[in-house]
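Me: I would like to go through this structure by question and answer. Please show it before we begin.

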Amino acid sequence: MKTFLSRRQMLAHCSSGFGLLALQGLCGQNQISAQPHFTPKAKSVIFCYMSGGVSHVDTFDPKPALQKYTGKPMPIKVERTQFNNNGNIFPSPFEFKRYGQSGIPVSSIFPRTAKMVDEMAIIRSMTSKVNEHAQGNYAIHTGFPFMGHPTAGAWVNYGLGTQNQNLPGFVVLHSGGSVAPHGGVGLYGSGYLPANNQGSILQVDNAEPIQNINPRESIFSQRKRLDFHKNFDQQFLNKVGDNPQVEAAIQNHEVAFRMQAAVPELCDLKEETKATKKLYGLDSADLQKAAYARQCLLARRLVERGVRFVELSCLTEKIGAGGAANPWDQHGALEKGHGAMAHQVDQPIAGLLEDLKSRGLLDETLVIWAGEFGRTPFSQGSNGRDHNPYGFSIWMAGGGIKGGTVYGATDEFGYHVTENKCDFYDLWATVLHLLGLDHTNLTYRHGGRDLRLTDVHGRVLSPILA
Amino acid sequence: MSNFLTCIFVYFYVVSSTKVMAQIDQREFFESKIRPVLVEHCYECHNSWGKAKSQLTLDSRDGLLKGGNEGPSIIPGNPEDSLLLQVIRHNFKDLRMPKSGPRLSNEVLENFRIWIANGAFDPRDKPPSIKQLEKTTSWEAVRERRKQWWSFQPIRKIEPPQINDGHPVDQFLISKMHQSGIEPNDNAEGLSILRRLSFALTGLPPTIEEQDRFSNLANNDLSSTVDRFADELLESPHFGERWARHWMDWVRYADSHGSEGDPQIPNAYRYRNYLIRALNQDIGFDRLAREHIAGDLIKEPRINQSLGINESAIGTAHLRFVLHGFAPTDALDEHVRFTDDQIDAVTKTFLGLTVSCARCHHHKFDAISQDDYYALFGILSNGRPAQKVIEDPAHFTDHEKTLLGLKNEIKNEIVKVWKKIDLNIELGANRKSTEKNALNFLRPWEKLHSLIDDNFSKEWDKLKKQVKESEARLNVRRSTVYPLSWELKDPKTYSKWKKSGTGLKNHPSKSGLFTLSLKGDKILEDILPAGAYTHLLSTKQNGTLSSPRFKFVEGDLWVRVVGDQGTTVRYSVWNYPRRGTVYKRSSPDPLAEKWINFKTNYWAGETGYLEVTTNRDHPVEAGNAERSWFGVTEALLATPGQGQPKDEIAEVLSPLFANLLLEKNNISLKKRYLGVIKDTIDSWENDSLTDTQARILNSLVKQGILPNTKEQLPSCYSLVQKYRKIEELIKAPRLAPGVLDGVPFDQALFTRGDHKKPAHNVPRRFLEAIDSTPYPDGSSGRLEFAQDLLRKDNPFTARVIVNRIWHHLFGNGLVRTPDNFGRLGELPSHPELLDFLAHKFRKEGWSIKRMIKFLVTSEVFRSSSNPSILAKEIDPQNLLLSHANLRRLEAEPIRDAMLLVSGRLQLDRVAEGISEPQNSQRRSVYRRVQRNSLDPFLSVFDAPVPSSTKGRRDITNVPAQSLTLMNDPEVLRGAREFANLHKTGNIENRISELFRKALGRKPSAGELNHSIDYLNATDKEAAMIKLNLSKLTLKLRELNDHVTKVTEPTRQKIINLRNVNSALQESQIAKPSLHWDFKNGLVDSIAGVKCFLKKGAKLENGELIVQQSGYAITEKIPFEVTEKTLSAWVKLDNLNQRSGGVMTIQSPNGGVFDSIVFAEKESRKWMSGSNGFARTKAFITAPFEMEADQEFVHLAITYSSNGTITGYRNGEIYGQPYQANSTKFLKAESVISFGVRHLPASPNRLLQGRIKKASLFDRALTSDEILSKFNPGLHITEEKIVNDLSPEQKETYRKLLKELEIVKKKIKKIEEFENTNKPDLQDLALALFNMKEFIYIK
């Protein structure tokens, strides 16, 4: 018995990442579009990451009881906090109003986002295992509290591939001096997945938005040199028996060449109307807000072009302990800090949702809004809040989400989850599900185990699905 | 799949055949091939007594036939429709068995097919009894079955097959190839072999000289040439650098811990240098493995005489390459994580096993139990994070003896004097104390000596009462049962505390030991109560003192310490080493003992220890003070209400009040004092001081009652001086990361891995599959574990390392998963060869070099990489190694090769120095690995993320790699410098040299012609562009002239109006130290420093013109400059130029300089240039220069004393300021140059442009001062001028402006993209870097 294996079959057979990659190379793309496990609801994800830990009791989880107990010590056991400087019960300084058909209450610091509440499913019962920024950031991004594991965007890209051969499938946006959250750019890393899945950082307001994307000479000269060495490369390829790896590397030069044109085109907003820019708040005199708005608009342009996963980055308002890496971290001056941070993102995100909707993209785009943990219902010092991983809120909207839903609940203080407790594994199980991927089947063999974004956990939160 | 491939996948059981079942005994077939598989892989979840997932039981014939929810499992006689077979073949995506395991081997699948096809004979009439089931599915039974896996089998002694008389390795390989009918490839071309060899052994490309020599020799005898070059390369110091990097991948080397704050791992670099040295010296792998686990405990450590260090002690540093979170509120969770990280790295690196998979349950696939995991956990979790002394111990003893002797002599001299002095005088009546603390011995005297009669009596009684109360408190303190209390003077207690460092000895320090003053006129520094001290001989000696493990309770932790403020006093919860919000730390007081308090409520219930470390010894937040010291006397853990310990007056005053004072007056009191003091001095002389007496004596010395100065003790002083000289020779010991063992303990197993659910304790021991004997009670087990790694019946260690060596030489291991030899790893392609090599390696002293030499002298190493048609067809993965594997270079050799060929790689200082910053030109192995900001160039080419063992790097193909090679400024710089090295000579030779350096071979005639054509084309193109550009420039000049004609009269008018004001302003603004206005010639107008024109530079119309080779240089400047501002007005000839300097201050040879530079690191941007980029960073966010070719712009760079470097352009801050070290320019030793970055004035440092004015200030001007210097008041905007134009003029002006815009745009476009003055071979150099042949080794 003698079977001839085609090169494609042979590569598909290889168990290591190399096989897959080389195959992608053969297809003349930096990434093929892979097959989802079942019919997807969403094609892309936009992840509005609220680094630093947004207080849920001040945003999407109103707790009138806190008013009642103002200034009193917590009547229930207080868990260890990171600063161990615990004050008394501290009601939200913000008012909540009901919005939309669903009548879901939202804090006054999100007046515009609130109007989109009928598109959103708010999860009020999120929990995390860790109580510290870098570990929390890794936990929500990768499922594990330390570097080394692939981030969700990388998993999605690995599972689905991009639909645009000139752009990376997973893009992280920065603007106005925003930086990676605590933990560094490893949060966007591909871990043990092949490196082509890692996030490409796009500085949306930078003259060179992606590292080394600007040619240092005319395209003409560059093309000439490319052709010159391509000739040599072809000869080399022949000499080494048409090695698929080399072939893929040759193709990569072409992809890179085309990316040089695709990226500036992407970042050039001149074809966007004034009204669109205004919708997002790009015209805002508040420079932070305008910068964040630019990320939101870019996010739409990216998903339009088939990018699978876009992560956005908040800018610091330098209030409380909120620095560049953790802008929402108001251990002090919560009212001022959360007010300013909400102002920065409220209109841009609302604008993004509206824009996606009016273009018919919201149905196939899943928007996630989340931070690494919530904040304590009691104060830290006089006017801040410490970290609270025992119960907090996130929301999702768009592709496959049942709008106007509230899922789960915390106790009357907003301290611990009392109903439908869930964790980041459930979040990603749900996200992958909406993308047509079975989270238990999206695996990669590394270090002797078949690893998953959801480790050995995760369940799809079906009550929030449309 | 062909039979051939099946063969390859099979290791132990050789497949029989696929023929007819009837011929063999069906029962035997079932029992030997089917039942064991069912038991091993199916019974656990599908049995008749417990679990029957999907209602399916597979432990009886009926169960099998009936099936479960999905219907019958088998249809006898019809294998293809049998669900069981489909499921184990993984035909369905969502139903694959065994669950989440690897697919069963093809052989097993084939057996099942045969079995079903032949009717599925099954003797199992009924299911096994529950006992039988338990027995077959018990862990012991499972483990024994799993131990049959190939890697658990002993290493066999195997003779190579005899195919021909060639190399043994080839015998094995060819024999296997012949079984498949494949022939090995012939030798590759000679120079390909050399390139392969050179990169494999040193990570560097072969030089032209090596290529020539190799070719000449190889013409005669290729094999002996390879032999000879292999020897040479193995002897190269760069061998160690190459192979240390592989090793660093295994142990996840990093210079920081990651997470929030990403703190440094102090001294991590010493481990890298240790590896390089060890590999270069070919230290046996057995030795190194032992050092990695227990190098600090080895009885006869490896001493490096020339460096004076204990090499062995550095080995354990990798245990500290763990990740650490920031201030975790669940400290045990963090502890479990970083211990898990250690277990993972150690077992993968040395055993090729994934023991960390057994944290929550027995290993899913391998013979590794959950107990195994916790046995190793117990060994490793005991090791407290530490900095360990690596100094050669021999260094200390000599000096220590001398110093001790001197101390004795000094003490004897002091006692002699003290016994003779008249204390009556010293205790003069009017004495006022300077000491305010409780331990002031003179306090009663000060209070009482002037009182008489009743007053004296009253005060005496009052004081006496206080002292008695104080004694009572002390007694209470001593008799109270605290949860924990320690007195460090107690030898038993002292021995239980863990110590490291050169200052802390084996026994506690007795009362009355003292320290000498190390500077000044004093003799004694302190006389000390008994306790633990690091500084009895020298404050350069160091120490870590850490308590036994204890459980925190609610209350307070107290520790009584004295020491310098660089010392850290802290508690550690579950070995967590970092400081953070809920991890408090404190510092002692150098002048007095102090009780330091930590509240413990937060951590009640957790386990931890107390630790005091001298400044450089903190495991994470180490300082760099060479002198640091501390002493600890007591510590306790108190529950709330158990009082606060404090310094008690009774601790010095008790002897004064011990007896009644017969006459209550000051004469009697003085007598009492004199008596006590005399007794105390006597006791000191006899070495029998109590702590109280020691404190008394110390108080007396401190207050000058007892003589302690140079004048008072002249004979002592000379001894002290001698002491100080020798003390200077004591070394502050060098340190490396490591661990400090506490008292050994067994770790409790965590049920399902949940650290909140401890179960039974597991003894510390090796893996039970090899030996489950517990390690001795008194040992942490590290030494024993190290020993077990190397024991004869452990088949893993030797196999794993030879496989790693094979992997790095041939591009793939014999086992292609080098970190996993378990069930989920791949099978060895040549198990016999692997065993042959492992056996040989062990027998021949575990020598890595010897093994490499052996392997690279095989024929297979030399074979060409182009597969034959047959090989491609039947062995596409090249498992048979019929041809060499094509390999992409790793990130480091790519970068190193670029640096090398462009003449910039610094190859000296092998195995020396700390980790290097990003702009370093040393080899990449020396680069700092900062976890949260990994090097982008290295990362893009798959340098590993240092989070776990990486025996096999990814080799990805991503566009970012191509973008890097096309556009990265460093790559372009490399190409430019590469071309610059080849500027003269015959074009063909020059091209050929480029090829030889970059690709290790000469270009063919065709390639040469092709290259020349390419260069000609780019030349022509460049010429055309140049012509075009000069035409446009001319046009621009004309238009500008025209505009000037229109606007100039109006401008002049405005200027004249303002001139009066401006003169005034100039006199008020900051005064420079040197100032040139080239209108007034070449001499500076402040100090008269002359400037000289060089190589065609000229003065014209008040401008210094530096073009082509021209530049200008001053005589030496007559003052020293540190803080400074460089300021100049400059206009550039074009914006494409690179790396020219406007104004530079420098040493006369240019070795040290600071300069205003245009477009060096980044094109079209200004920066502050400096020698070797020492003070250079980009001014980030600075805009591209768009105007300096059109008009003069003002540039200034300020260098402040704190190292801030700030750029200004036209009065405004340019980009972001940054920090760097400042440097000093010596008086009469420095010059200023214009138009050249620094001397000597080579072409790539020259500016093309003109300079109008320039100044040097001896300080960093403020932004306001810069603004006034630029003087926007004088800057007349176009708008102002246009406003004053007549309507007609305005119209002309607008037209001209439009035309100007168009021309400017055209010029900009050309300039932005065309580097019109690049070296002529730069395009080719860059093309070579981009060639696949450059990054692939064929």
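**Salt bridges and the chain interface**

Reply: Glu892(B) counts as buried, at 7% relative accessibility. The model is predicted.

Me: Which residue forms a salt bridge with Glu892(B)?

Reply: Side chains of opposite charge can pair when their charged atoms come close. For Glu892(B), the closest N and O atoms of the pair are 2.9 Å apart, within the 4 Å that a salt bridge requires. The partner is Arg953(B).

Me: How many residues apart in sequence are the parts that Arg953(B) and Glu892(B) tie together?

Reply: Glu892(B) is in helix H32 (residues 891–901) of chain B, and Arg953(B) is in the loop between helix H33 (936–940) and helix H34 (959–967). The pair therefore ties together parts whose separation in sequence is 61 residues.

Me: Is Arg953(B) buried or exposed?

Reply: The relative accessibility of Arg953(B) is 13%. A residue under 20% counts as buried. Arg953(B) is therefore buried.

Me: Where in chain B are the two residues of the salt bridge between Lys540(B) and Glu728(B)?

Reply: The closest N and O atoms of Lys540(B) and Glu728(B) are 3.9 Å apart. The pair links distant parts of the chain, 188 residues apart. Lys540(B) is in the loop between strand E8 (532–533) and strand E9 (544–546), and Glu728(B) is in helix H25.

Me: Why does Glu728(B) count as partly exposed?

Reply: Under 20% relative accessible area is buried and over 50% is exposed, so a value in between is partly exposed. Lys540(B), at 9%, is buried. Glu728(B) counts as partly exposed because its relative accessibility is 48%.

Me: What span should helix H25 of chain B have, at 1.5 Å a residue?

Reply: Helix H25 has 16 residues, 714–729. The end C-alpha atoms of this helix are 24 Å apart, which agrees with the expected span. That expected span is 22 Å.

Me: Which residues of H25(B) are buried?

Reply: To count as buried, a residue must have under 20% relative accessible area. In H25(B), the buried residues are Cys716(B), Tyr717(B), Leu719(B), Val720(B), Tyr723(B), Arg724(B), Ile726(B) and Glu727(B).

Me: Which residue forms a salt bridge with Asp296(B)?

Reply: Asp296(B) is in the loop between helix H14 (285–294) and strand E1 (303–304) of chain B, and its partner is in strand E3 (residues 383–389), 92 residues apart. The partner is buried, with a relative accessible area of 11%. The closest N and O atoms are 2.8 Å apart, and the partner is Lys388(B).

Me: How many salt bridges does the rule find across the interface of chain B and chain A?

Reply: At this interface, 87 residues of chain B are in contact with 83 residues of chain A. Arg80(A) forms a salt bridge with Glu606(B), with the closest N and O atoms 2.8 Å apart. Across the interface, the rule finds three.

Me: What area do chain B and chain A bury between them?

Reply: The rule also finds 28 residue pairs in polar contact across the interface, both residues being at pLDDT 80 or more. By class, the side of chain B that touches chain A has 36 nonpolar, 25 polar and 26 charged residues. Carbon and sulfur atoms carry 58% of the buried area, which is about 7400 Å².

Me: How many of the residues of chain B count as buried, as a percentage?

Reply: The secondary structure of chain B comes to 42 helices and 36 strands. Chain B has 1338 residues, and the buried share is 59%.

Technical notes: Residues are numbered from 1 along each chain as its sequence is written. Chains are lettered from A and ligands numbered from 1 in the order in which they are written. This is a predicted model: local features need pLDDT of at least 70, side-chain atom pairs count only at pLDDT 80 or more; totals for chains, interfaces and linings use all residues. Side-chain values use heavy atoms; hydrogens and water are left out. Contact means heavy atoms within 4.5 Å. Buried area is the accessible area (1.4 Å probe) that two parts lose on being put together, summed over both. A salt bridge is a side-chain nitrogen of Lys or Arg within 4 Å of a carboxyl oxygen of Asp or Glu. A polar contact is a pair of N or O atoms within 3.5 Å; within protein, one must be able to donate a hydrogen and the other to accept it, and residues adjacent in sequence count only if both atoms are side-chain atoms. Ala, Val, Leu, Ile, Met, Phe, Trp, Tyr, Cys and Pro count as nonpolar, Asp, Glu, Lys and Arg as charged, and the others, Gly among them, as polar. Helices (H or I, at least four residues) and strands (E, at least two) are DSSP runs, numbered from the N terminus. The expected span of a helix is 1.5 Å times one less than its number of residues. Buried means under 20% relative accessible area, exposed over 50%, partly exposed in between (1.4 Å probe, protein chains only).
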